[in-house]
Number of protein chains: 2
Amino acid sequence: MSKLRKLTVLGLNSGTSMDGIDAAIFRIFPLEEKLEINAKRPAIGVESLHGELIPFDPIFREHLGKLIGSGQTSLKEICLLNAVLGELFAHAALTTIKGAGLTTDEIDLIGSHGLTVWHNPEADKLWGVATNGTLQLGEPSIIRERTGIPVVADFRPADMAAGGQGAPLVAFADQVLFSGNDTPCGVLNLGGIANITVIDASSQATMAFDSGPANAIIDYVCQLLFGLAFDNHGAIAARGKINEEWLSALLRHPYFARKPPKTTGRELFGQQFAQQAIDAANQMGISPEDTMTTLAALTGKSVAAAYADFIQPQISLKRLIVGGGGAENKFLISLIKKYWPHDLQVFTHEDFGISSKFKEALLFALLAYTSYFGIPNNVPACTGAKEYVCLGKVIGVTGRN
Amino acid sequence: MSKLRKLTVLGLNSGTSMDGIDAAIFRIFPLEEKLEINAKRPAIGVESLHGELIPFDPIFREHLGKLIGSGQTSLKEICLLNAVLGELFAHAALTTIKGAGLTTDEIDLIGSHGLTVWHNPEADKLWGVATNGTLQLGEPSIIRERTGIPVVADFRPADMAAGGQGAPLVAFADQVLFSGNDTPCGVLNLGGIANITVIDASSQATMAFDSGPANAIIDYVCQLLFGLAFDNHGAIAARGKINEEWLSALLRHPYFARKPPKTTGRELFGQQFAQQAIDAANQMGISPEDTMTTLAALTGKSVAAAYADFIQPQISLKRLIVGGGGAENKFLISLIKKYWPHDLQVFTHEDFGISSKFKEALLFALLAYTSYFGIPNNVPACTGAKEYVCLGKVIGVTGRN
């Protein structure tokens with residue numbers, strides 16, 4: 001096994017919210033001088049240098065939303081979009097390097113997730129053949145060429161090839177970042193989708209799955225009903241009342257009852273789901289405020305129910321470390337505490353010195369770093385993979401022997 | 001620069017004919033003990049071990065043909081197809097290793113091109129943004145997982161990122177394979193598309209481009225008019241007469257007048273072009289035999305015209321080494337000689353000990369081998385790239401330091 005050393009790594013991600021690209025630079029280093037590489041709990045330290053959120057052009061975002069919303073496309077569109085996204089990721093990398101006051105020579109490695117345009121972790125039929133699959137776009141060869149920096153990219157397929165769901169990948173970062181803390185604990189990300197990682201008393205990530213929707217639905221409905229990009233601190237939702245009948249109906253969606261490992265995305269909880277929710281609320285005569293409140297409760301209750309149904313039977317979590325845009329939604333956090341079956345202490349990533357905004361960028365920097373050194377970095381207990389593998393494809397690393 | 005050594009490499013390809021997968025195993029080795037790596041003319045030797053052509057299931061092939069013919073798809077279809085093709089490539093690799101009497105432990109590396117579902121070397125508009133792009137499917141992480149062998153895959157994007165057309169990649173193999181022979185010479189591949197590489201007196205590939213259609217049109221029309229997969233030795237075409245008026249009209253397609261570097265594919269010369277040709281022939285009252293003869297002449301004359309217009313002004317080629325399925329079409333070869341502006345000696349790849357059937361598999365084995373050792377392997381003079389780059393993405397090579 002090759003000797004780990006400190007690298008300066010830039011992580012790139014475009015999340016399910018499709019706002020733009022998160023780019024951040026980290027110094028990543030082994031915590032022990034003679035490190036025994038242990039796939040289950042790599043002792044890796046992280047120092048954050050600089051991060052930027054680079055928004056997509058509104059017209060580009062609109063097209064992207066339509067594409068992912070409808071799922072209909074052409075071979076040519078996918079082909080060209082892969083290249084355009086590659087240029088946008090490269091541009092985001094260069095902007096962030098400049099913003100950090102660094103040069104490309106000072107960055108050792110880039111980890112790029114790309115943009116997930118489709119994720120199909122469960123087998124489906126293609127032309128009569130059962131298969132699963134995943135599709136990330138954002139050509140990494142372009143990132144490599146524009147920056148001159150080696151790139152590791154496209155992390156999901158290797159885990160899926162090994163029988164996993166290719167998600168949630170974040171369990172690896174949670175294990176690295178929170179293994180030194182007071183465990184057991186849960187790590188909850190409230191992005192477009194809500195996902196939770198369980199870290200046990202021995203600092204192993206033992207379970208990680210998507211509980212269901214989070215901001216993907218709340219933001220979309222807030223935009224349509226109130227013309228606002230998101231419900232700041234949950235102020236609108238806090239004004240309304242939960243419609244219990246409708247909430248119960250929403251919670252009957254079959255995804256919530258499915259046992260982990262499970263992951264989801266905008267295919268299930270996207271524009272279509274949100275539009276149907278608005279239509280249903282209209283038919284039931286539910287006010288816009290009450291709609292927002294009930295949809296916030298959908299996230300809050302589905303998170304708590306996921307804990308009660310699938311986690312609590314094995315491990316009791318009294319501490320939850322929350323991140324993602326939803327971590328700033330005070331009303332949503334109060335709902336999660338309300339529905340949690342027992343007392344719960346809620347922390348933020350920032351309480352541990354980690355910027356929640358750049359956590360996904362950090363995840364992909366960590367995955368690139370470990371794959372670069374040949375350290376397996378999927379978490380089979382969380383993705384369902386049969387074995388440990390090194391995620392990603394490497395571009396521009398030469399001089400092997 | 002790391003030291004080159006002998007590796008056993010398996011090459012995988014699925015060509016524009018969409019018949020199936022070509023898989024072949026080679027021993028690839030440096031020809032000089034202390035090799036000065038020269039990107040322009042790597043002195044690399046090749047020994048062929050075993051090859052197999054693994055056909056696609058007819059139903060799968062039919063779906064694939066429809067997909068690529070129409071260009072219309074969904075995100076889900078592309079996502080699942082990438083995985084299914086990955087499994088098929090992995091299966092082809094394992095079948096070929098077994099057929100060679102080898103085990104996976106005896107194979108050092110796999111080079112996989114994937115299947116080109118769309119190639120857009122010229123800039124086009126996506127959502128108002130001008131971009132080019134290329135899209136190969138056949139998830140290499142699956143090949144890596146099923147075989148346990150490191151994989152280098154997806155070779156076009158790095159050349160395109162460097163300003164090239166991402167094609168023809170074959171110039172690199174032509175340079176390696178024919179550099180020791182009597183040069184200058186032309187290397188002509190008659191696959192679905194016809195492409196020609198020019199090797200100058202100093203054994204450099206100085207030009208390589210697609211002259212236009214070859215079997216993509218001939219085979220499709222033969223299937224429709226005669227119910228045969230292909231015109232064996234050109235026997236049908238040899239029975240008819242060339243309709244000169246229609247041939248002139250066909251040769252007015254703007255692609256033929258465009259200066260190299262240029263590449264094309266089924267987007268221009270595919271099902272749609274073939275169907276229009278049949279309709280035109282019907283309207284003009286041209287018999288099925290004469291249709292076949294004239295379409296053979298379209299390939300023969302467009303190859304010779306490409307030479308006369310774009311190559312002859314710079315270099316005179318009196319020797320042509322022909323490969324691809326069309327090399328066995330005696331009638332087509334006689335047409336190329338007929339239209340060539342001066343005397344021409346025609347050889348086959350087999351005359352030089354190279355199996356034409358497995359030349360593309362060999363190309364991708366050679367590209368994987370050289371990228372693995374960090375040797376640049378695009379040919380900027382042929383693709384139009386601004387610089388030399390290492391093509392491909394590496395999966396499963398660990399232990400860097």
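A charge is taken to sit over a ring if NZ of Lys or CZ of Arg is within 6 Å of the ring centre and within 35 degrees of the ring normal. In the predicted model analysed here, the charged end of A:Lys262 sits over the ring of A:Tyr255, at 4.4 Å from the ring centre. A:Lys6 provides a further case, its charged end being placed over the ring of A:Phe29 at 5.2 Å from the centre. The ring of A:Tyr255 also takes part in contacts between aromatic side chains: ring pairs join A:Tyr255, A:Phe256, A:Phe269 and A:Phe273 into a cluster.

Over all chains, the count of aromatic pairs comes to 26. One of these is the stacked pair of B:Phe155 and B:Phe364, with 5.6 Å from centre to centre and 20 degrees between the planes. The two residues belong to distant parts of the chain, 209 residues apart. B:Phe155 is located in the loop between β7 (151–153) and α4 (156–161) of chain B, whereas B:Phe364 is part of helix α13 (residues 359–372) of chain B. With a relative accessible area of 0%, B:Phe155 is buried. B:Phe364 is likewise buried, at 3%.

An edge-to-face pair is formed by B:Tyr255 and B:Phe269, whose ring centres are 5.7 Å apart and whose planes make an angle of 80 degrees. B:Tyr255 lies in helix α9 (residues 254–257) of chain B and B:Phe269 in the loop between α9 and α10 (271–283) of chain B, so this contact ties together parts that are 14 residues apart in sequence. Burial was assigned to residues under 20% relative accessible area. B:Tyr255 is therefore classed as buried, with a value of 2%. B:Phe269 is also buried, because its relative accessible area is 0%.

Turning to charged side chains, the structure contains 18 salt bridges over all chains. B:Arg61 is paired in this way with B:Asp19, and the closest N and O atoms are 3.0 Å apart. Because B:Arg61 lies in helix α1 (residues 58–70) of chain B and B:Asp19 in the loop between β1 (7–14) and β2 (20–30) of chain B, the salt bridge ties together parts that are 42 residues apart in sequence. B:Arg61 is partly exposed, its relative accessible area being 38%. B:Asp19 also counts as partly exposed, at 40%.

Helix α1 of chain B holds both partners of another salt bridge, B:Lys66 and B:Glu62, which are 4 residues apart, about one turn of the helix. Their side chains meet with an N to O distance of 3.6 Å. B:Lys66 has a relative accessible area of 53% and is exposed.

A salt bridge is also present between the side chains of B:Lys359 and B:Asp174, at 2.5 Å from N to O. This pair links distant parts of the chain, 185 residues apart. B:Lys359 is in helix α13 of chain B, and B:Asp174 is in helix α5 (residues 170–178) of chain B. Both B:Lys359 and B:Asp174 are buried. Helix α13 of chain B thus carries B:Lys359 of this salt bridge as well as B:Phe364 of the stacked aromatic pair. Elsewhere, salt bridges with shared partners connect A:Glu139, B:Asp154 and B:Lys393 in one network.

Technical notes
Residues numbered from 1 in each chain as written. Chains lettered and ligands numbered in written order. Predicted model: local features only at pLDDT ≥ 70, side-chain atom pairs only at ≥ 80, totals over all residues. Heavy atoms only, no water. Phe/Tyr/Trp six-rings, centres within 6.5 Å; stacked < 30°, edge-to-face > 60°. Buried < 20%, exposed > 50% of the residue type's maximum accessible area, 1.4 Å probe, protein only. Salt bridge = Lys/Arg side-chain N within 4 Å of Asp/Glu carboxyl O.
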